[in-house]
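Q: Please choose one part of this model and look at it closely, then work outward to what surrounds it. Give the cut-off behind each term.

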Amino acid sequence: MSYQYPEHFKYPDQRMFFTDHISVWEEVLSPLKGKPNITLEIGALYGGSSVYILDEFCKEGGSHHYIMDINTNEFIENNIEPYKDKLTYLLGESSDSFKEFKHNNKSKEFLDLVYIDGNHMSNYVLEDVVNSFYCLKENGYIIFDDYGGGWEQEKYLQVKTAVDSFNHSYYKYIEILYVGYQVIMKKIKYVNEDDLKENYYKI
């Protein structure tokens, strides 16, 4: 791992699983480097991914990072403190936060990156990605954590169920860039007038 966390960063005495994914992020998300980005993280825990995103993708002027989480704690408060001028922490359910979610008065297509690692029940994951998708720019990225975990649980408890459902429903509008323990997708433009007319007249 080439990335080094800053000196102020603190984490509980336990393994930080996010670091397992940094090498993939560095490769797949390289087009985001060196430019201002607006990013969203749903579920931050202690801020391991938050600080990495802020350091690596929100360096440039005009960048801003949003966090949606139902909790806060001393670790994440310490870790994000130096970045307060380019960070907004939305405390509460993501479904509530999305109702008024805007950046510079834009409510659609303003995000460059979305990282979904909140409630892992499939209905919540699906709700988060659908809400995020309309805020995501063309060629913006969506990352799902824990796609490769929890498969022994009932399907409604799995991240995989939501990701696969989203993929089936939106596959014309996304490009899958990576599948492993995490899944990385990119939003692409797709407009087929024949498809739109055919389905419109069936209603």
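A: The answer starts with one helix and then moves to the cores, the charged pairs, the open and closed spaces, and two backbone angles.

The model is predicted, so to speak of local features pLDDT must be at least 70 and for side-chain atom pairs 80 or more, while totals for chains, interfaces and linings use all residues. Residues are numbered from 1 along each chain as its sequence is written, and side-chain values use heavy atoms, with hydrogens and water left out.

The part chosen is helix α2, residues 48–57. Helices are DSSP runs of H or I with at least four residues, strands are E runs of at least two, and both are numbered from the N terminus. In α2, 10 of the 10 residues are buried, so the helix is largely enclosed by the rest of the structure. Buried means a relative accessible area under 20%, exposed means over 50%, and partly exposed lies in between (1.4 Å probe, protein chains only). The buried set includes the nonpolar side chains Val51, Tyr52, Ile53, Leu54 and Phe57, but also Asp55 and Glu56. Around the helix, the buried residues pack against α1 (22–28), β1 (38–42), β2 (64–69), α3 (74–80), β3 (87–91) and β4. Contact here means heavy atoms within 4.5 Å.

Helix α2 also figures in the largest nonpolar core, which has 28 residues; of the elements, α2 gives the most to this core, with 5 residues. A nonpolar core is a set of buried Ala, Val, Leu, Ile, Met, Phe, Trp, Tyr and Cys residues joined through side-chain atoms within 4.5 Å. At least two residues each come from α1, α2, α3, β4 and β5. Tyr52 of the helix is among the residues with the most contacts inside the core, together with Tyr5, Phe18, Trp25 and Leu29. Tyrosine 5 reaches the helix directly: apart from neighbours within four places in sequence, its contacts include Gly48, Ser49, Val51 and Tyr52, and also Met16, Phe18, Thr19 and Ile22. Another core, of 27 residues, lies apart from the largest one and includes Met68, Phe101, Phe110 and Ile174. In soluble globular proteins, nonpolar side chains tend to be buried together.

The helix has a charged link as well. Lysine 33 and glutamate 56 meet in a salt bridge, with 3.1 Å from N to O. A salt bridge is a side-chain nitrogen of Lys or Arg within 4 Å of a carboxyl oxygen of Asp or Glu. Because lysine 33 is in the loop between α1 and β1 and glutamate 56 is in α2, this pair ties together parts 23 residues apart in sequence. Glutamate 56 is buried at 16% relative accessible area, whereas lysine 33 is partly exposed at 29%.

Elsewhere, the whole structure holds 8 salt bridges. Arginine 15 pairs with aspartate 20 at 2.4 Å, N to O, and aspartate 20 is partly exposed, with a relative accessible area of 40%. Lysine 160 and aspartate 164 pair at 2.7 Å, N to O; both lie in helix α6, 4 residues apart, about one turn of the helix. Lysine 160 is partly exposed, at 22%. Shared partners join Glu26, Lys33 and Glu56 into one salt-bridge network, which brings the account back to α2.

Next come the spaces. On a 1 Å grid over the protein atoms alone, a cavity is a set of points where a 1.4 Å probe fits but cannot get out, and a pocket is an open set with protein on both sides within 12 Å along at least five of seven lines; lining residues have an atom within 4 Å of a point. Points are joined across faces, edges and corners, and a volume is the space filled by probe spheres set on the points. The largest pocket holds about 340 Å³. Among its 19 lining residues, Tyr11, Phe18, Leu45, Asp117 and Asp145 are closest to the centre. The largest cavity has a volume of about 40 Å³, and its lining includes Asp117 and Asp145, along with Ile116 and Val159.

Finally, two residues that are not glycine have positive phi. Glutamate 109, at about 55°, is in the loop between α4 (94–97) and β4 (111–116) and is partly exposed at 43%. Aspartate 146, at about 65°, is in the loop between β5 (136–144) and α6 (159–170) and is buried at 16%.
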